[in-house]
Amino acid sequence: MTRAATGAIAAAILRGQVPLMAPPASRAFPGLAAAATRFAPSSFSSSTQLPHLPRLRLCASRAPSCTELAALSAAYELLDVTPRPADCLFAPLPARSFCGVARSSPGGAAPGSSVEGDQPLQSELIFIGTGTSEGIPRVSCLTHPTKTCPVCTKAAEPGNPNRRRNTSILLRHATASGTANILVDAGKFFYHSALQWFPAFGLRTVDAVIITHSHADAIGGLDCLRDWTNNVQPSIPIYVAERDYEVMKMTHYYLIDTSVVIPGAAVSALQFNIINEEPFMVHNLEVIPLPVWHGQGYRSLGFRFADICYISDVSDIPEETYKLLENCELLIMDALRPDRSSSTHFGLPRAIDEVRKIKPKKTLFTGMMHLIDHEKVNNDLSGLMETEGLDIQLSYDGLRIPVRL
């Protein structure tokens, strides 16, 4: 599409001739006064200096076309403003997008990326993986002699949002003194995810890893960190609960007791920091643990970063944890199945009920299995905005969101 055509559509958007959806009205958040004061700063605060622009409807009955995305980008460009996360999860001039949210193609750095020493303009949250322990697609589905799995078939296509690796996020924390890449979990597929997303988003270092729990889809990739500690940086700090550290002493004993390593073998150089369920600091960012149950008697941790709450593996939320979720702007939460919960994970119905209770401004589900079709379920979720004012979507591998930490 020519720039003239894009400009014409952009002008139509600015005149209100292209149907876009305005932001939902702000909602009050109930809760304890102390919690409200504690979590008052907004991750997605709108600037009074920027003009109001319509919000591109995310995941409507169809995905926005490239023409519409380019036009909206041009509209922002014509006004010489940066889109606000509160108005639209959309980055200017995306190389590729799903549901109106920008996603870089391999080889293209994200907006604000650190290139040749320049500091990012804004912090970002990147979904390194959004799938189950076994990942999507399943080999068993692709090789089944008689049955065809529609989601796994789609996921086998390069770039399809149904392709999901182990659940993980990376916070690109930008401060005046520099940028820190803070990874949450490094599961079995971490190295494959890093091969795709680190070059695509201009990421190089892993400045810290925070562990949610000690299952293989959260810690199975710790050995792969050797590439960083051998070739990029001297070591990587790991933040982990005592109970999970005890598991690592068995599963990754050679990374903890390096005296057993054969001389000359360059394994990951990791610095283990034991955390409890109290707030702690990682590269000048306060991290608040969100204790949850991940099956009967099994404790897992979610984490709160400013007004972003991340809970990747959960079957039940203790009452005391709800207080820590007050005034959450962005909730990222486990939603394994479309029909029901399992003994260890929320299913979609329970996850939606929890959103109603927690009342975040926006929710992104993660940890989806192969029964959840990205486009179909997102279309269904979009109806909740119209009926209940619930802004809920599925996340996907490679989704990038600008945030304020």
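Contacts in this protein chain lean heavily on long-range pairs: of those with a separation of 6 or more, 70% link residues 24 or more positions apart. The model behind that figure is a predicted one, and 52% of its 405 residues count as buried. The chain is built from 13 helices along with 16 strands. About 17,500 Å² of the protein chain is exposed, with 55% of that area coming from carbon and sulfur atoms.

Confidence is uneven along the chain. The average pLDDT is 80, and 70% of the residues reach at least 70. Residues 1–37 stay under 50, and the model gives them 58 contacts beyond four places in sequence. Residues 39–117 also stay under 50, with 193 contacts beyond four places in sequence.

Turning to charged side chains, the structure holds 16 salt bridges. One of them pairs Arg304 with Asp307, with 3.0 Å between the closest N and O atoms. Both partners are tucked away from solvent: Arg304 has a relative accessible area of 0% and is buried, while Asp307, at 2%, is buried as well.

Another salt bridge joins Asp391 to Lys362, where the closest N and O atoms sit 3.1 Å apart. Asp391 belongs to the loop between α13 (374–388) and β15 (392–394), whereas Lys362 is part of strand β14 (residues 362–366), so this pair ties together parts that are 29 residues apart in sequence. Here, too, the charges are covered. Asp391 counts as buried at 12% relative accessibility, and Lys362 does so at 5%.

Helix α13 itself carries a salt bridge of another sort. Asp380 and Lys376 meet through their side chains at 3.4 Å, N to O. The two residues are 4 apart in helix α13, which means that about one helical turn separates them. Asp380 is partly exposed, with 48% relative accessible area, and Lys376 counts as exposed at 52%. Salt bridges can also chain up through shared partners, and in this way Asp316, Arg350 and Glu354 end up in one network.

What happens with Arg172, a buried residue that has no salt bridge? This arginine is found in strand β4 (residues 168–175). The nearest side chain of opposite charge belongs to Glu124 and is 4.1 Å away, just missing out because a salt bridge has to fall within 4 Å. The Arg172 side chain does have a backbone partner, though: it reaches the backbone oxygen of Phe201 at 2.7 Å.

A backbone oxygen turns up again in the surroundings of His283. This histidine sits in the loop between β9 (280–282) and β10 (285–293) and is partly exposed, with a relative accessible area of 37%. Setting aside neighbours within four places in sequence, His283 is in contact with His173, Ala180, Asp207 and Ala208. Of these partners, Asp207 lies 76 residues from His283 along the chain, yet their C-alpha atoms are separated by 8.3 Å. A polar atom of the His283 side chain lies 2.8 Å from the backbone oxygen of Asp207.

Technical notes. Residues numbered from 1 in each chain as written. Heavy atoms only, no water. pLDDT = per-residue confidence, 0-100. Contact = heavy atoms within 4.5 Å. Buried < 20%, exposed > 50% of the residue type's maximum accessible area, 1.4 Å probe, protein only. Areas by Shrake-Rupley, 256 points an atom, 1.4 Å probe, with all protein chains shown as cover. Lys, Arg positive; Asp, Glu negative; His and termini not counted. Polar contact = N/O pair within 3.5 Å; in protein donor to acceptor, adjacent residues only side chain to side chain.
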